[in-house]
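Me: I am a first-year student, and I would like to go through this structure step by step. Can we take it as questions and short answers?

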Amino acid sequence: MPVPIPDPPGLSDWTTPLLNHSEAEEADIIRRSPTADVAADLGIVLDSRGDGTYLGVCPWCGERKFHVRANQTWTCEGCWEGGKDALVLVAKVKDFVRREAVAWLAWRLSGGRSRVEGEAP
């Protein structure tokens, strides 16, 4: 069973300023964040169906009707919660606004290393 990765420093206690990502940077972060991988990092157990899609237990209703499709969209056929990509999944599971969800995905992609606004990459 996957273990959810913790939030980066600053997201839970608001002590570290969040980076401002450009629209192009956000698009790249989302592109490099496959929904199934992000779901696993959030603790959602998914089984591959062999055709590029995944099935698992919904984090909201608890039914095994949570689908991640090859086009990165996700939907639960039990409670009908759903979204278009990993960004929306992170925002909904963690109750983040867009900027926080982008920061979480960027932090995940960096291997858990965090950077303060204004510092060089």
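Me: In what order do the 5 strands of the open sheet lie?
Reply: This is a predicted model. Its open sheet has 5 strands, with antiparallel pairing. The order is β1-β2-β3-β4-β5.

Me: Which strands stand at the edges of that sheet?
Reply: Look for strands with a single partner strand. One side of each is left without a neighbour in the sheet, so they are edge strands. They are β1 (46-48) and β5 (82-83).

Me: In β3, what is the bridge partner of Gly56?
Reply: Strand β2 covers residues 54-56. It pairs with β3 in the antiparallel sense, over 3 bridges. In β3, the partner of Gly56 is Phe66.

Me: Which element gives the largest share of the largest nonpolar core?
Reply: That core has 23 residues. Phe66 is among those with the most contacts inside it, and so are Leu89 and Trp104. Elements giving two or more residues include α1 (23-31), α2 (35-41) and β4 (74-76). The largest share, 5 residues, comes from α3.

Me: Leaving aside neighbours within four places in sequence, which residues is Leu89 in contact with?
Reply: Leu89 is one of the core residues with the most contacts inside the core. Neighbours within four places in sequence are left aside here. The contacts are Thr35, Ala39, Leu42, Ile44, Trp60, Phe66 and Trp74.

Me: Which elements do the buried residues of α4 pack against?
Reply: α4 has 12 residues and reaches 16 Å from its first C-alpha to its last. Its buried residues include Ala101, Trp104, Leu105 and Arg108. They pack against α1, α2 and α3.

Me: Which residue with a positive phi follows α4?
Reply: Look just past the helix. The phi there is near 80°. The residue is Gly111.

Me: How many disulfides does the count come to?
Reply: A disulfide needs two cysteine sulfur atoms within 2.5 Å. The sulfur of Cys76 is 3.5 Å from the closest one, in Cys61, so that is too far for a bond. The sulfur of Cys79 is 3.8 Å from the closest one, in Cys58, also too far. The count is 0.

Me: Is Cys79 buried, partly exposed or exposed?
Reply: Start with Cys76, which is buried at 0% relative accessibility. Cys79 has a relative accessible area of 34%. That makes Cys79 partly exposed.

Me: Over which residues is the pLDDT below 50?
Reply: The chain averages a pLDDT of 84, and 77% of the residues score at least 70. One stretch falls below 50, with 14 contacts in the model beyond near neighbours in sequence. That stretch is residues 114-121.

Terms used:
Residues numbered from 1 in each chain as written. Predicted model: local features only at pLDDT ≥ 70, side-chain atom pairs only at ≥ 80, totals over all residues. Heavy atoms only, no water. pLDDT = per-residue confidence, 0-100. Contact = heavy atoms within 4.5 Å. Core = buried A, V, L, I, M, F, W, Y, C linked by side-chain atoms within 4.5 Å. Buried < 20%, exposed > 50% of the residue type's maximum accessible area, 1.4 Å probe, protein only. Helix = DSSP H or I, 4+ residues; strand = E, 2+ residues; numbered from the N terminus. Pairing = 2+ DSSP bridges. Expected span 1.5 Å × (residues − 1).
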